[in-house]
Amino acid sequence: MMHDYYFDNNATTKISTGVSKAVASANWYLTGNPSSIYTIGRESRDRIDLARAQVAKLFSADSDQIIFTSGATEADNAIIHSALLQNSKRKTILLSAVEHPAVKKSAHFYENWGYKVIEIPVSEHGLNEEFLMSNLSDDVALVSIMAVNNETGMIFPVEKYFKEVKEFNQQIICHTDAVQAVGKTDIPLENVDYIAISAHKFHGPKGIGCIYKGKNMNFQPFILGGSQECGYRAGTENISGIIGLEKACSEVLEQKGVSVIQEYQRKLEVSVGNLDAYIVAKNYPRVPGVCNIGFAGIEANLLVLKLNQKRIFVSTGSACSSQKIGISPVIKALNIPEPYRSTIRISMSRYTTEEEVNYLIKQLMQIVEEIRR
Ligand code: PLP
């Protein structure tokens with residue numbers, strides 16, 4: 001069987017052996033509905049409570065601050081909904097111009113209901129802090145700034161921004177989508193009211209994630225129905241998913257450094273340096289193992305397809321938009337120079353090996369030269 005060279009870990013990661021076993025075992029042994037009062041129901045309930053306590057450790061939080069969701073898209077949507085209800089008299093939402101669609105589309109949806117959405121410009125030098133500060137007002141209900149950008153790997157100093165926001169007005173709710181931070185850099189916690197994460201971005205199962213809720217947040221449910229998740233999120237719990245998330249979180253907490261991936265990233269970036277290539281946000285703090293690269297005059301989709309023929313899997317833009325041809329909105333927002341605007345994203349994980357990186361570099365160099373010829 002041919003080896004797969006998987007370099008699209010920001011889209012999703014492969015499930016770890018430990019997580020896979022935990023999920024399989026949960027599916028096998030935890031069959032009762034956690035809301036049922038008989039023994040097998042209570043066993044499921046107790047196991048979920050254990051998992052919740054473990055997931056809370058990722059945020060140095062208490063169990064009651066964790067709400068399980070179907071992933072980060074739901075978490076982001078639910079957080080925005082809740083924040084707007086909690087601050088119901090305020091009608092302005094501030095967010096970075098490079099948020100994932102789970103935040104962006106969700107926020108813009110509320111324009112239909114009279115809200116004003118202001119996007120804070122972002123360049124390769126980071127978020128325009130002055131713009132953020134000058135747009136704060138007593139009408140701002142929510143500020144949403146992601147911890148790590150999914151397309152470029154840029155790490156935003158969210159705690160610093162939120163400190164300034166809170167100094168301006170304590171009532172403004174501060175949300176960060178930390179999906180791409182887990183296992184790669186610290187999750188911002190100070191001055192943060194809400195956090196969204198997703199298990200499949202750090203070797204957990206797909207379709208499970210959670211909301212971290214600040215202690216004094218008056219969370220308003222987005223999904224209504226039964227009284228699961230203390231009434232915060234209705235619907236029978238995804239028990240095996242929750243246990244998979246728990247295991248993925250404990251593996252992240254046990255994991256030691258990411259310096260090897262950093263070295264692979266450096267090697268890759270040095271190699272493509274000779275190819276008239278542009279590395280997006282090269283000099284800005286980025287998480288290890290994420291490179292967004294434009295090759296002058298080369299259409300990213302063609303490059304992705306050519307690499308695919310060699311069983312090397314990379315993406316253009318974010319996973320959800322990779323089916324669409326065109327320039328990614330993040331690349332547009334960052335104002336990347338014209339000949340390099342069609343970019344590919346290469347993203348590694350703790351399972352990426354040196355041999356895989358060497359193969360990628362070799363093939364990438366050959367294909368770029370071949371297309372240019
Ligand atoms: N937020 C960011 C930054 C992401 O990268 C993604 C996934 O691509 C999401 C949210 C959506 O996560 P999920 O797939 O769990 O809905």
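A cavity here is a set of grid points where a 1.4 Å probe fits but cannot get out. Keep that idea in mind as you look at this predicted model. The second largest cavity has a volume of about 40 Å³, and the structure holds two cavities of 30 Å³ or more. Below, we visit both of them, then a helix with a buried side, and then a handful of single residues.

**The two cavities**

- The largest cavity encloses about 160 Å³ of space.
- Its lining is made up of 16 residues, and Gly183, Lys184, His203, Ser349 and Arg350 are the ones nearest the centre.
- Sorted by class, the lining of the largest cavity contains seven nonpolar, six polar and three charged residues.
- Which residues line the second largest cavity? They are Ile67, Thr69, Glu74, Ala78, Ile211, Phe219, Phe222, Ile223, Tyr232 and Arg233.
- Strand 2 (66-69) and helix 3 (72-86) each give at least two residues to the lining of the second largest cavity.
- Seven nonpolar, one polar and two charged residues make up the lining of the second largest cavity.

**Helix 6 and its buried side**

- Helix 6 spans residues 158-168, and Val158, Tyr161, Phe162, Val165 and Lys166 are buried in it.
- These buried residues lie on the same side of helix 6, because they cover an arc of only 135° around the axis.
- What do the buried residues of helix 6 pack against? Their partners are strand 6 (126-127), helix 5 (129-134), strand 7 (140-144) and strand 8 (173-177).

**Arginine 345, a buried residue in a strand**

- You can find arginine 345 in strand 14, which covers residues 343-347.
- Is arginine 345 buried or exposed? Its relative accessibility is 1%, so arginine 345 counts as buried, since the cut-off for buried is under 20%.
- The side chain of arginine 345 reaches the backbone oxygen of asparagine 150, at 2.9 Å.

**Two residues with positive phi**

- Serine 60 has a phi near 45°, which is a positive value in a residue other than glycine.
- Look for serine 60 in the loop between helix 2 (39-57) and strand 2.
- With a relative accessible area of 67%, serine 60 is exposed, because exposed means over 50%.
- Alanine 281 is another residue other than glycine with a positive phi, near 55°.
- Alanine 281 sits in the loop between strand 11 (277-279) and strand 12 (290-295).
- Unlike serine 60, which is exposed, alanine 281 is buried, with a relative accessible area of 1%.

**Two more loop residues**

- Serine 227 belongs to the loop between strand 10 (209-213) and helix 7 (239-254).
- At 62% relative accessibility, serine 227 is classed as exposed.
- How far apart in space are serine 227 and glutamate 74? The two are 18 Å apart, C-alpha to C-alpha, and 153 residues apart in sequence.
- Glutamate 74 may look familiar, as Glu74 is one of the residues lining the second largest cavity.
- Proline 337 is in the loop between helix 10 (329-334) and strand 14, and strand 14 is also the place of arginine 345.
- Proline 337 has a relative accessibility of 33%, so it counts as partly exposed.
- From proline 337 to isoleucine 242 the C-alpha atoms are separated by 43 Å, with the two positions 95 residues apart along the chain count.

Notes. Residues numbered from 1 in each chain as written. Predicted model: local features only at pLDDT ≥ 70, side-chain atom pairs only at ≥ 80, totals over all residues. Heavy atoms only, no water. Helix = DSSP H or I, 4+ residues; strand = E, 2+ residues; numbered from the N terminus. Buried < 20%, exposed > 50% of the residue type's maximum accessible area, 1.4 Å probe, protein only. Polar contact = N/O pair within 3.5 Å; in protein donor to acceptor, adjacent residues only side chain to side chain. Arc of directions from axis to C-beta. Contact = heavy atoms within 4.5 Å. 1 Å grid on protein atoms, 1.4 Å probe; cavity = no way out; pocket = protein on both sides within 12 Å on 5 of 7 lines; lining within 4 Å. Points joined across faces, edges and corners; volume = space filled by probe spheres on them. Nonpolar A, V, L, I, M, F, W, Y, C, P; charged D, E, K, R; others polar.
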